[in-house]
Amino acid sequence: MKNFFSFIIVILLIVIYPTVVIAKESASDICLNGKINKNAYELPVSKSADLQKALATYKVVRLEKGDYSKSLSQITLSSNQQLYGFAGNGIPGDVVEGTIVPKIVIPGGTSQVVLSGIKTSNIEFSPSDQVTSGNCFMRLNSYQGRIVADGAKLENNIFLRVNIPFFADLKSHGYLRNNRFIGTTLVNCHPASGEYLCLDIKGDTSRKSGGNVWLWLNNLAPWGNAIYLENLADANFVLFDVENWSWTQKATQAMFKTGPMGSVRILAAEGGQYESNPIKTGFFDIAAEEINFYDFTDNGGSAADPRLVFQKENKRSSQIHFNRNFSTDDRAENPVRLKTLFGGGCCQDIMVNDNNALTSALTAQQQAALKQIFLPTNQATVVWERPSFSDKIANPAGENWQTERKTKTDSTTYLQNLINTNNIARLPAGVYYISQPLKLKRGQGIIGAGEDKTAIVAKNSDIDILRGDEGKSVSWEITDENNFYDTFYTLSDITLQGGKNGLHMDEHGSGNVTRFDFGGFSHVTFRDMTEAGIFIDGIGSWDNNFHDNLTFYNNSVGVKQRNSPNSKTFVGLGHIDKNIFFHSRFIANGRGIDFKSRRANVANGFINSLFKDNTVQAVDTTSTGRVIYANTDFINNAGNPTIKAGDTLTSFVNAYFRADEKGQTMLDNGVEVEGSIFERGTSQTATIMRGGWGTFYNNKSQDMPMGALDQGLVINNSFPLDSVLNTPGVFIKDGKATIFLSGQTDPKPQLLVSISDSTKPGDANGDNVVDGVDYVIWLNHYNQTTNKGVSEGDFNKDNKVDGLDYVIWVNNTK
């Protein structure tokens, strides 16, 4: 009855106040689910002086490639405005291929802003008592610029591929709360101000800031220091990589340093200092009360000893899966330290304060400290929402495309001339047929009218549709990656169909020293390819690319990697480093991913993505390095196991696994899994592990047993079919499980989470009851803007009181 009443109210509000409830896609939907607003006013570079006026008049503005910064010193973005540019590539100093705008100012209280595909000098969040929330910032670059949020209140914003150093001084005013920083690459980090940091956040002593997550952060050769945090309630880092910090000998602190703060959680991390640097600093200097290292890889170099410093404020810590034993300076009094599963011969048992927890009982203090780390009860959190996907696969060529393509007009010459003439070929809606591969050089590409409107179809299945054409090959050995030839292509809003490969970059066309980097594709469907949607084939490398909203459907392989048979040091290795596939689908292929590399791939990520109905295997990353799958779904994929892991840790965070009829075992050797769910679905026999070693934290499965797990750590999981594993702390060695932490499990994800607002939805006066008093507060502020949130009836915190807030009140009334 209540839901029916809500529905009637919404209908009435639509009729009476249509502007209240009829809205465009939210900013978060645009960031997270690719719901781009294409109904934009297009402002040419020749009218760059009118940019601010165009935003005020049209709200949604699209810019072309070029420099808009010469006519204005700054622009201001206000609520509900959207500004789109041409992202180009993110190579530092390259200002040719993108859209450049002046400094951007975002006033306090701004909400539902979208800023995408822009290069700018700086972004400034104004100091304010008003909360800036619900905004989407994506594909942004700056060279020697920075984002400044001093004295601002930022809450529930999404920073997606924002490659700009972030500074926030909040000691006397403001906070950062529940913001997501996803897919960030920070190169050099040497702002013109001389502040040599990539990430610098200083909160207030009451620790209002918290719930912020950095998911996939690459600090690439910072000139000096990398990360400093102070007085935050907590901070979570899921995959970060600091390469060659203190590149120009500017470092004055450890790679990752904190002042006093609450907790820090770090999973899938690695780093190394510039080897030739005579000024040495350590890896970690921690004054947080708690630090949980799920794993860390020391990539060598010349970091100073001690590599890990625990300051006096630190009370408890865990160190799991370190690849070597760190020199440590422990300045705390009576802390609790857990260490296990180290490389280099250390800690193949589980050590708590240098005692073996498998043979010595833990003290009450130790048990309490470990439960505080792994089973915290003092912080209410909300898990990130699952990604949302359409069931529709773009098919502009229609169901009879294979028959019809034989007689269609050949557009190869027309399309190649368009690329050669304009570099970026813009194709209107239509289906274009080719008999030869289209060749791409640096800075070239194709933009269609949409995946469901524009297609390029191969006239036969033996040709590549797109092929790299740099021709940068050498016959001698290269030992320095700086000798690579950097390239990038633009590809968006199009379907590629029916060829051998959708995009083929090989040693003969692209060249064996060509490196495809700092670019990425967006909203592209690769379908019906006999070899692969994308084939990286004996080139130099793929490095630091961000691909979003791609679909790989009915290909032999979605993305395939091979080395050149003639590969030498760096020449033709074709390694794949630090690439992200965001909100992408791998559906009904043979294999979704097939990576084979002689030189280990590093730090690749699949975020908010989907692997479904793949008929051979979802993933095979044999003989490759670190891969992370975050907030990603695996449904009905074949393979035993479904995900074949690499030689180093493969990480799964907030993943969802459902076996169904194709699934047998989900995982094998060398995995760490946090906050994930396993379900058999229609399967009667599927298990989680095929064998080997792995670590499991805060996972759930009601009907899928573990299977074979030879060695590992199982902490705070709900596995009722495995009674021994259904306890807070279990260590497995040579197939034997030993309980070292007893009690009841209560698995809740700890990494991809936000801090929960303790206020009950719809409760305006804070009495924890949703009733008529709260309705009166909502009514008195109806149709008003506000920065005071729930206290004035803004229950969804979008800075306005409207019918959507009323529905929240109705659905939660007592």
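**Reading strand E44 and its salt bridges**

Strand E44, residues 522–527, is mostly covered, with six of its six residues buried, and the model in which it is seen is a predicted one.

Colleague: Which strands pair with E44, and in what sense?

Modeller: Pairing is read from the bridges between two strands, and here strand E41 (residues 490–497) pairs with E44 in the parallel sense over five bridges, while strand E47 (residues 546–553) also pairs with E44 in the parallel sense, over five bridges. Towards E41, Ile-494 stands opposite Val-524 of E44; towards E47, Arg-527 stands opposite Tyr-553.

Colleague: Is Arg-527 buried or exposed, and with which residue does Arg-527 form a salt bridge?

Modeller: Burial is judged against a cut-off of under 20% relative accessible area, so Arg-527, at 8%, is buried. Its salt-bridge partner is Asp-528, with the closest N and O atoms 2.8 Å apart, and Asp-528 is likewise buried, at a relative accessible area of 10%.

Colleague: What does the salt bridge between Asp-548 and Arg-139 tie together?

Modeller: A salt bridge is best read together with the places of its two residues in the sequence. In this pair the closest N and O atoms are 2.5 Å apart; Asp-548 lies in strand E47 and Arg-139 in strand E11 (residues 136–141), so the bridge ties together parts that are 409 residues apart in sequence. Asp-548 is buried, with a relative accessible area of 7%, and Arg-139 counts as buried at 16%.

Colleague: How many salt bridges are found in the whole structure?

Modeller: A search of the whole structure gives 39, and salt bridges also link Glu-243, Asp-543, Asp-577, Lys-578 and Arg-599 in a network.

Definitions and conventions. Residues are numbered from 1 along each chain as its sequence is written. This is a predicted model: local features need pLDDT of at least 70, side-chain atom pairs count only at pLDDT 80 or more; totals for chains, interfaces and linings use all residues. Side-chain values use heavy atoms; hydrogens and water are left out. Buried means under 20% relative accessible area, exposed over 50%, partly exposed in between (1.4 Å probe, protein chains only). Helices (H or I, at least four residues) and strands (E, at least two) are DSSP runs, numbered from the N terminus. Two strands pair if DSSP finds at least two bridges between them. A salt bridge is a side-chain nitrogen of Lys or Arg within 4 Å of a carboxyl oxygen of Asp or Glu.
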